[in-house]
Each structure stands twice: as C-alpha cells, then as structure tokens.
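Work through the exercises below with the sequence and the 3D view at hand. Try each task before you read its solution.

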Amino acid sequence: FRGVELMEDSLGYIYNSDFISNGTGVYLVDLSSYVDCGREDQGTGWNQFICNSVHIQNDGSSTVMAENNWWGAAPPDPSKFIGDVDYSPFLEEAIMDLIGGLILDYDDPADVHLVWEDLKVGCGYRVYRSTLPDQGFVNISGTLSANEFTDPGAGNAPDLYFYQVALD
C-alpha cells in the first residue's frame, strides 16, 4: 500500500501528515515539477513517517525536499529512502502520540497493567514512566510486540506514576 502517489507534472506540498504502516509512504513518479515535504528554514514539514517499509521513493529527477519531519527514529534509517531525497535536518522526536486509548488495570494490587489500542498495526511499542506529567520519562519496557505491559510493583509504590506508550 502507498500512502500518497504523485504522478507526472504534479506540484506537491505535503505538510502536517502522518504516514504509518505503509509499504511506501510517499511515491513520486517521473516528476518534472516541484515536490516539498518540508523545509526547516521555512518552518514547514512536521510530517510523521512511522513503520513504513520505505518512507519516500523518488523515481523522478528532481530532489524531494523532506526536512523537518519525524522518521520514526533519530537519526533516520537511510535505507527507507529511495532516490534523491533531502531528509536532513530532521525532527529528533515524534510530534504527538499515536495511541488511541490507554486502559489501566489492577489485576493484582501490586501491579499496574497497561492495555492500549493501536491506531495502526505493524510496529513495536515502548512504555515510558515518570513521576512528572510532562518530563523525565524513562523507557521501562524495551521493545514490545504486544499491546499490553505490566509494571510489577508499581501499584504499591509511594509515588504517582505517569505513563506514555509510543510506537517503536
């Protein structure tokens, strides 16, 4: 599956979009016109490319400007770009969370069990925990393949914990 396909004589601007779990996120065919997916100096981009087999494939002769985007990792994996794509500088972290819902469950009073609904299938997950609501998050899970995680003993801890679940 391709997220977006731009054909000959297209003039494309792609900003503030998410391309998640595609075979190819953006596919450009024989472009004779300008395609812009972001420029840091203009404050454009802000796209998220996550869990695509290929983020951008450019079969045209013009360079695709794709700066100021999140590529699912920092630094981006260069094997996920085909053709002439300028993807640097890039964003160092995701723009927003992509998880639809998070449920806390106390199966055992000592354990906190997290279950979430993934908006897109095909990625791994990481669970982060902090005692502050907006900073200091530490990865407590490694990479997970299931949409649930148990934090042993957290239910009996004296601290209040905040959790984040992110696509890996």
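The exercises go from the whole chain to single residues.

The model is predicted.

**Exercise 1. The whole chain**

Task: Find how many helices and strands the protein chain has. Then find what share of its residues is buried.

Solution:
- Step 1. Count the elements. The protein chain has 16 strands and zero helices.
- Step 2. Turn to burial. Of the 168 residues, 39% are buried.
- Step 3. Look at the surface. The protein chain exposes about 8900 Å², and carbon and sulfur atoms supply 49% of that area.
- Step 4. Look at the contacts. Take those with a separation of 6 or more: 53% of them are between residues 24 or more positions apart.

**Exercise 2. A sheet of three strands**

Task: Work out in which order the strands of the open sheet with β13 and β16 stand. Then say which strands form its edges.

Solution:
- Step 1. Start with β13 and β16. Six bridges join them, and they run antiparallel. In this pairing, serine 130 stands opposite phenylalanine 162 of β16.
- Step 2. Go on to β13 and β14. Here two bridges make the link, again with antiparallel strands. Tyrosine 128 stands opposite asparagine 139 of β14.
- Step 3. Put the pairings together. The order is β14-β13-β16, an open sheet of three strands with antiparallel pairing.
- Step 4. Name the edges. They are β14 (138-139) and β16, since each pairs on one side only.
- Step 5. Inspect strand β16, residues 162-167. Its covered face holds Tyr163, Val165 and Leu167. Its uncovered face holds Phe162, Gln164 and Ala166.

**Exercise 3. Salt bridges**

Task: Find how many salt bridges there are. For the one made by arginine 129, say which parts of the chain the pair ties together.

Solution:
- Step 1. Apply the cut-off: a side-chain nitrogen of Lys or Arg must lie within 4 Å of a carboxyl oxygen of Asp or Glu. The count comes to two salt bridges.
- Step 2. Take arginine 39 and aspartate 36. Their side chains meet at 3.7 Å, N to O. Both residues are buried.
- Step 3. Take arginine 129 and aspartate 151. Their closest N and O atoms are 2.6 Å apart.
- Step 4. Place this pair in the chain. Arginine 129 lies in strand β13 (residues 125-130), and aspartate 151 lies in strand β15 (residues 148-151), so the pair ties together parts that are 22 residues apart in sequence.
- Step 5. Check burial. Buried means under 20% relative accessible area. Arginine 129 has 23%, so this residue is partly exposed. Aspartate 151 has 5%, so this residue is buried.

**Exercise 4. Aromatic rings**

Task: Determine how the rings of tryptophan 71 and phenylalanine 81 are arranged.

Solution:
- Step 1. Count the pairs. The structure holds seven aromatic pairs.
- Step 2. Take the pair in the task. The ring centres of tryptophan 71 and phenylalanine 81 are 4.8 Å apart and their planes stand at 80°, so the pair is edge-to-face.
- Step 3. Locate the partners. Tryptophan 71 is in the loop between β8 and β9, and phenylalanine 81 is in strand β9, ten residues apart. Both are buried.
- Step 4. Widen the view. Ring pairs link Phe19, Phe49, Trp71, Phe81 and Tyr87 into a cluster.

**Exercise 5. Two buried polar side chains**

Task: Find which backbone oxygen lies 3.2 Å from a polar atom of the side chain of histidine 55. Then find which backbone oxygens the side chain of asparagine 69 reaches.

Solution:
- Step 1. Find histidine 55 in strand β7 (residues 54-58). Its relative accessible area is 1%, so histidine 55 is buried.
- Step 2. Name the oxygen. The backbone oxygen belongs to tryptophan 71.
- Step 3. List contacts. Leaving out residues up to four places away in sequence, histidine 55 touches Gly25, Val26, Phe49, Ile50, Trp71, Lys80 and Phe81.
- Step 4. Compare positions. Histidine 55 and phenylalanine 81 are 26 residues apart along the chain, yet 5.9 Å separates their C-alpha atoms.
- Step 5. Move to asparagine 69, in the loop between β8 (64-65) and β9 (81-82). With 0% relative accessibility, asparagine 69 is buried.
- Step 6. Follow the side chain of asparagine 69. This side chain reaches the backbone oxygen of alanine 66 at 3.0 Å. The backbone oxygen of glutamate 67 is reached at 3.1 Å.
- Step 7. Add the contacts beyond four places in sequence. Among them are Cys37, Trp46, Phe49 and Phe90.

Definitions and conventions:
Residues are numbered from 1 along each chain as its sequence is written. This is a predicted model: local features need pLDDT of at least 70, side-chain atom pairs count only at pLDDT 80 or more; totals for chains, interfaces and linings use all residues. Side-chain values use heavy atoms; hydrogens and water are left out. Buried means under 20% relative accessible area, exposed over 50%, partly exposed in between (1.4 Å probe, protein chains only). Helices (H or I, at least four residues) and strands (E, at least two) are DSSP runs, numbered from the N terminus. Two strands pair if DSSP finds at least two bridges between them. A polar contact is a pair of N or O atoms within 3.5 Å; within protein, one must be able to donate a hydrogen and the other to accept it, and residues adjacent in sequence count only if both atoms are side-chain atoms. Contact means heavy atoms within 4.5 Å. Accessible areas come from the Shrake-Rupley method with a 1.4 Å probe; for residues, only the protein chains shown count as cover. Rings of Phe, Tyr and Trp (its six-membered ring) pair if their centres lie within 6.5 Å; planes under 30 degrees apart count as stacked, over 60 as edge-to-face and the rest as tilted.
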